[in-house]
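Biologist: I'm new to this and would like to learn how to read a protein structure. Could you walk me through one, feature by feature?

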Amino acid sequence: MATRPSKLSSTSRPSSIHISAVAEVERTVNTTNRPKPAVPEGTPVVTPQDLNRRPRRNRRSETVRRAFSESFLSPSHFILPVFVHDGDKNIPIDSMPGVYRLGWRNGLIESVAEARSYGVNQVVIFPKTPDHLKTQTGEEAFNPDGLAQRSIALLKDTFPDLEVYTDVALDPYNCDGHDGIVRDDGMILNDETVEYLCKQAVSQARAGADCVSPSDMMDGRVSAIRRALDSEGYTNVSIMAYTAKYASAFYGPFRDALASAPNAAGAGRIIPPHKKTYQQDPANYREALLEARLDEQEGADIMMVKPGLPYLDVIRQLRDNSPLPIAAYHVSGEYAMLKAAAQRGWLDERECVLEALMCMRRAGSDIILTYYATEAAKWLAGERV
Ligand code: PBG
């Protein structure tokens, strides 16, 4: 057994440098015949497979796993969606445990302050409009004193460096529950809706929004909104386009939160119970590329895919076909599934949530809208929540 005694002489170092007593210890090392860990009795004795490549070598310790990790998560990637209402109390949302309709004056500010304290400095605002302010044409969307506009202004006054995103679509303001104006035969009007979306986006920019996010899926809305913003002097306000927004059943809890689901038809009118004439068919992949090309040409700054986990292939497609930043929306139904299973003890919430978010990053998203933003940031900071 080759041993190499090593001893540091105390006289060989300058007396002014203090080295701990450990240096004085006699050390022996075994460099050639290191003990082999035991295997369980009954383990078959085999000749090693003749493999020149064993991928497990690059996974064998936490250190190498970290060294070779291709993706990472940071609170700077997260956007926290917040629901606000015009009252004072925070009202729990049954299908989204842990998420509230926040009072816009207090709960909103407290919730955003907490998110910021963990490094989440981006939010998107969703207002719950009282029924009496909803109309078939949704003019409340561009009321300069509307709940969304007041919430944006208060946030920017309180936290000037907070990145405030807004949702541009008529559904929270439309008594028919659609993102656009519904004609009596059930057609969702495109160009007429775009006219109002432009007014909505400009009024949000005027209130202080940094980035407006059209989620309505009307054709031509990104270029129209860009022109409207620019003509009012808001050349610095960005557009995050919901580029590939699918007609998904995973938005159910969100529609509970805002009471914004498509409404039953009124006398003599047809109101489609779904949004399939403007949101994309979940069966489609190429269509997302068409939408992406248009949004890019029309001037979008960021392109979004929504929902997140069931649509990772679409995130990857956009990432590989565009230089623009890509956002993924980890939507309300995805949150509800994870929360429900976690509350029953069926899933490890922290591990599953961080894995879900990491997978959206791996698929190619730069940023992620997630109701878990603050909790995930706490977990990343090593906190138990
Ligand atoms: C509104 C809008 C919706 C969501 C974001 N913006 C609902 C819808 O399109 O019906 C869903 C977000 C979520 O489920 O978390 N246009």
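Modeller: Let's go from the overall picture to a strand, the core, the ligand and a couple of helices. Keep in mind that this is a predicted model.

Biologist: How many helices and strands does the chain have?

Modeller: The chain has 11 helices and 10 strands. As for its overall form, the radius of gyration is 27 Å, well over the 21 Å that the globule rule gives for 385 residues, so the chain is more spread out than a compact globule. The C-alpha atoms fill a box of roughly 95 × 55 × 45 Å along the principal axes.

Biologist: What share of the residues is buried?

Modeller: Buried residues make up 39% of the 385. You can also ask who touches whom: among contacts with a separation of 6 or more, 73% are between residues 24 or more positions apart.

Biologist: Let's take one strand. Is β1 enclosed or open?

Modeller: Here's the general idea: in a regular strand the side chains alternate between the two faces of the sheet. Now the case here. In β1, residues 78-85, 8 of the 8 residues are buried, so the strand is largely enclosed by the rest of the structure. One side carries F78, L80, V82 and V84, the other I79, P81, F83 and H85, and they are all buried, which leaves both faces covered.

Biologist: Which strands pair with β1?

Modeller: Take them one by one. β4, residues 122-127, runs parallel to β1 and is joined to it by 5 bridges; there, V84 has P127 as its bridge partner. β3, residues 100-103, is also parallel to β1, over 3 bridges, and H85 stands opposite G103. Then there's β10, residues 367-370, parallel to β1 with 2 bridges, where F78 is partnered by I368.

Biologist: Which residues touch the most other members of the largest nonpolar core?

Modeller: A201 and I225 do, in a core of 92 residues. Helix α4, residues 191-207, gives the largest share of this core, with 8 residues. Look at I225 on its own: leaving aside neighbours within four places in sequence, its contacts are V168, L197, C198, A201, V212, P214 and I239.

Biologist: And the ligand? Which residues surround it?

Modeller: The shell holds D167, A169, D171, D179, S215, D216, Y251, F254, R255, K275, V331 and S332. Sort them by character and you get 4 nonpolar, 2 polar and 6 charged.

Biologist: How should I read a helix?

Modeller: Start with a general point: an α-helix has 3.6 residues a turn, so residues three or four places apart point the same way. In α11, residues 373-380, 6 of the 8 residues are buried, so this helix is largely enclosed by the rest of the structure. Those six are A373, T374, A376, A377, K378 and W379. They pack against β1, α2, α10 and β10. Just after α11, G382 takes a positive phi of about 90°.

Biologist: What about A67: buried or exposed?

Modeller: A67 sits in helix α1, residues 62-67. It has 9 other C-beta atoms within 10 Å, and a residue with 12 or fewer counts as exposed, so A67 is exposed.

Biologist: How far apart are A67 and S95 in space?

Modeller: They are 39 Å apart, C-alpha to C-alpha, with their positions 28 residues apart in sequence.

Note on methods. Residues numbered from 1 in each chain as written. Predicted model: local features only at pLDDT ≥ 70, side-chain atom pairs only at ≥ 80, totals over all residues. Helix = DSSP H or I, 4+ residues; strand = E, 2+ residues; numbered from the N terminus. Rg over C-alpha atoms; globule rule 2.2 N^0.38 Å. Buried ≥ 20, exposed ≤ 12 C-beta atoms within 10 Å, placed from the backbone. Contact = placed C-beta atoms within 7 Å. Pairing = 2+ DSSP bridges. Core = buried A, V, L, I, M, F, W, Y, C linked by C-beta atoms within 7 Å. Near = placed C-beta within 6 Å. Nonpolar A, V, L, I, M, F, W, Y, C, P; charged D, E, K, R; others polar.
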